[in-house]
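Reader: I am new to this structure and would be grateful for a close look at one part of it, together with its surroundings. Please begin with a single loop and proceed outwards from there.

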Amino acid sequence: ATRERRWRQALVEQVAPTASDVILDVGCGTGSLIARLGRHAPDAQYIGLDPDPDILARARHKLNRAGLRVVFEEGF
């Protein structure tokens, strides 16, 4: 878990999202990376792609609670 926190934070810093960005998270899972990115740029456009509809439902719920607008797509 510690390594995951490190690489996610490093990725967010490298991406340095802005409000004008469109970000596609392929294999978004429960949306943890989008949530981190959204803290830095809540007005960016986020798209989460994952093949598992149950996981997408969890991501949708999590990110709605966080106040982020995310388009979710089911697929590979």
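The loop before the first strand

Author: Ala 16 is found in the loop that joins α1 (2-15) to β1; helices (DSSP runs of H or I, at least four residues) and strands (runs of E, at least two) are numbered from the N terminus. The model is predicted, so local features require pLDDT of at least 70 and side-chain atom pairs pLDDT 80 or more, whereas totals for chains, interfaces and linings use all residues. Residues are numbered from 1 along each chain as its sequence is written, and side-chain values use heavy atoms, with hydrogens and water left out.

Although Ala 16 is not a glycine, its phi is positive, at about 45 degrees. Most residues other than glycine have a negative phi. Ala 16 is partly exposed, with a relative accessible area of 44%; buried means under 20%, exposed over 50%, and partly exposed in between (1.4 Å probe, protein chains only).

Asp 21 belongs to this loop between α1 and β1 as well, and it too counts as partly exposed, at 25% relative accessibility. Leaving aside residues up to four places away in sequence, Asp 21 touches Ala 16, Ala 44 and Gln 45, a contact being heavy atoms within 4.5 Å. A polar atom of the Asp 21 side chain lies 2.8 Å from the backbone nitrogen of Thr 18. A polar contact is a pair of N or O atoms within 3.5 Å; within protein, one must be able to donate a hydrogen and the other to accept it, and residues adjacent in sequence count only if both atoms are side-chain atoms. Asp 21 and Ala 41 are 20 residues apart along the chain, and their C-alpha atoms are separated by 8.6 Å.

The helix on the other side of this loop, α1, contains Arg 8. With a relative accessible area of 18%, Arg 8 is buried. Its contacts, again without residues up to four places away in sequence, are Ser 32, Leu 33 and Arg 36.

The loop leads on to β1, whose covered face consists of Ile 23 and Asp 25. The uncovered face of β1 holds Val 22, Leu 24 and Val 26. In the pairing with β2, Leu 24 stands opposite Ile 47, and Asp 25 stands opposite Gly 48. Five bridges link β1 (residues 22-26) and β2 (residues 45-50) in the parallel sense; strands pair if DSSP finds at least two bridges between them. Between these two strands the chain passes through helix α2 (residues 32-40), forming a right-handed β-α-β crossover, that is, one whose path from the first strand over the helix to the second runs clockwise with the strands pointing away from the viewer.

The next strand, β3 (residues 70-74), runs parallel to β2 and is joined to it by five bridges. Within this pairing, Asp 50 of β2 faces Glu 74 of β3. Here the chain crosses from β2 to β3 through helix α3 (residues 53-65), and this crossover is also right-handed.

Helix α3 has 13 residues and reaches 18 Å from its first C-alpha to its last. Among its residues, Ile 55, Leu 56, Ala 59 and Leu 63 are buried. These four cover an arc of only 95 degrees around the axis, which places them on the same side of α3; the arc is taken over the directions from the helix axis to the C-beta atoms. An α-helix has 3.6 residues a turn, so residues three or four places apart point the same way. The elements covering the buried residues of α3 include α2, β2 and β3. On the other side of the helix, Asp 54, Arg 58, Asn 64 and Arg 65 are exposed.

Both ends of α3 deserve a word. At the N-terminal end, Asp 52 acts as a cap, with a side-chain oxygen 2.8 Å from the backbone nitrogen of Asp 54. After α3 comes Gly 67, which has a positive phi near 80 degrees. Gly 67 lies in the loop between α3 and β3 and counts as exposed, at 58% relative accessibility. Its C-alpha is 15 Å from that of Ala 19, although the two residues are 48 apart in sequence.

How values were computed
The expected span of a helix is 1.5 Å times one less than its number of residues.
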